[in-house]
Amino acid sequence: MSKVSSGGGSEEKLKVLALHGYRQNADTFKAKLGSFRKFVHKYVEFVFVSAPHTAAPLEAGNDPDPNQRSWWFNKEDRTFKGTNQGGPAYGFDESLKLVEKTWQAEGCHGLLGFSQGACFVGLLCDLSARGMTTMKPQFAVLASGFRSGSLVHLNYYESKIQVPSLHIFGETDEIITKDMSESLAETFLDPEIVTHPGGHYFPAQASLKDTYVEFFRDQLQQHLEAKELQNATEENSFHVEEPAEIEAVPVPDGGSDSDSD
């Protein structure tokens, strides 16, 4: 079996598609995850992608900032708020297509999301479980995540998601409260939960390093073992010729192959 050493001895890394939060973009999210990425760089290569939609300006009358992006909008005024319930999901399909395209092009293995991005990760995992996307995430990391309140997403949380998941959230988060993140974690079969005393951010304290490293090391180990098993299966498989059809021999009149009752 392939082994991943504690020193990161494996040459292969996991590719993780990272989805930013509302009003962030690929570059700002990458910068915010600097310390976290250093913790796990021996095991993970991150792929950052910006959402296709520009968020509305923070103050009415101002011009939109093209650097502030959104995966979808759940209010009629085309803004987004995690606590909004029963609203639309404007732009969701475009984001889904973009993420699917990036996933396939980059050959990703897992998903990581923050806030709105974490909400998106939960939806993607559910879509995958139901065979409604080409993506097949092997694991998911969800920071400050929550369930989508959009009407079209309400039926996404009916069955437990079976992929390994790590859920990270702050005890004092006032934007996405602890109970919202716990509610999303409950949609996964066996969630691993990490809390921190802070608010709405992706924590990268030294005290969490071992937790992050262990999670990704375990996922890489499982990935390598599954890959090794698949390769062995392919090498040992062989083509079995179908037997030639046997022509039926006509039975003489009056004959019978079975006893009569």
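Mentor: Let us fix one term: a pocket is an open set of grid points with protein on both sides within 12 Å along at least five of seven lines. A volume is the space filled by probe spheres set on the points. The model here is predicted.

Trainee: How much space lies in the second largest pocket?
Mentor: Take the probe spheres set on its points, since the space they fill is the volume. For the second largest pocket, that comes to about 200 Å³.

Trainee: Which residues lining the second largest pocket are the closest to its centre?
Mentor: Start from the lining, which holds 15 residues. A residue joins it by having an atom within 4 Å of a point. Closest to the centre are Pro-164, Ser-165, Asp-190, Glu-192 and Phe-215.

Trainee: Which helix gives the most to the lining of the second largest pocket?
Mentor: By class, this lining has six nonpolar, five polar and four charged residues. Now sort by element: one helix gives six residues, and it spans residues 209-236. That is helix H6.

Trainee: What volume does the largest pocket have?
Mentor: Its lining has 16 residues, with Tyr-22, Phe-80, Ser-115, Ile-175 and His-200 nearest the centre. The volume is about 320 Å³.

Trainee: How many charged residues are in the lining of the largest pocket?
Mentor: Split the lining by class. Nonpolar residues number seven, and polar residues also number seven. Asp, Glu, Lys and Arg count as charged. The charged count is two.

Trainee: In what order do the elements of the protein run from the N terminus?
Mentor: The protein has six helices and eight strands. Write α for a helix and β for a strand. The order is β-α-α-β-β-β-α-β-α-β-β-α-β-α.

Trainee: What share of contacts between residues at least 6 apart in sequence joins residues at least 24 apart?
Mentor: One example of a long separation is Phe-36 and Phe-202, 166 residues apart along the chain, with C-alpha atoms separated by 8.5 Å. Those two residues are in contact. For the protein, the share is 75%.

Trainee: Is Phe-36 buried or exposed?
Mentor: Phe-36 lies in helix H2. Leaving aside neighbours within four places, it contacts Phe-46, Leu-112, Phe-202, Ala-204, Tyr-212 and Phe-216. Its relative accessible area is 1%, and the cut-off is under 20%, so Phe-36 counts as buried.

Trainee: Why does Asp-126 count as buried?
Mentor: Asp-126 lies in helix H4, residues 116-129. Beyond four places in sequence, Asp-126 touches Tyr-156, Tyr-157, Ser-159 and Ile-161. The label needs a relative accessible area under 20%. Asp-126 is buried because its value is 4%.

Trainee: How far apart in space are Cys-119 and Phe-146, C-alpha to C-alpha?
Mentor: Cys-119 is found in helix H4. Its contacts beyond four places in sequence are Trp-72, Phe-146, Arg-147 and Ser-148. Cys-119 and Phe-146 are 27 residues apart in sequence. In space, the distance is 5.3 Å.

Trainee: How many disulfides does a search of the whole structure find?
Mentor: A disulfide is a covalent bond between the sulfur atoms of two cysteines. Cys-108 is buried at 8% relative accessible area, and Cys-119 is buried at 0%. The test asks for sulfur atoms within 2.5 Å. The number of disulfides found is zero.

Trainee: What percentage of the exposed area do carbon and sulfur atoms supply?
Mentor: Of the 261 residues, 47% count as buried. The protein exposes about 14,400 Å². Carbon and sulfur atoms supply 48%.

Definitions and conventions:
Residues are numbered from 1 along each chain as its sequence is written. This is a predicted model: local features need pLDDT of at least 70, side-chain atom pairs count only at pLDDT 80 or more; totals for chains, interfaces and linings use all residues. Side-chain values use heavy atoms; hydrogens and water are left out. On a 1 Å grid over the protein atoms alone, a cavity is a set of points where a 1.4 Å probe fits but cannot get out, and a pocket is an open set with protein on both sides within 12 Å along at least five of seven lines; lining residues have an atom within 4 Å of a point. Helices (H or I, at least four residues) and strands (E, at least two) are DSSP runs, numbered from the N terminus. Buried means under 20% relative accessible area, exposed over 50%, partly exposed in between (1.4 Å probe, protein chains only). Contact means heavy atoms within 4.5 Å. Accessible areas come from the Shrake-Rupley method with a 1.4 Å probe; for residues, only the protein chains shown count as cover.
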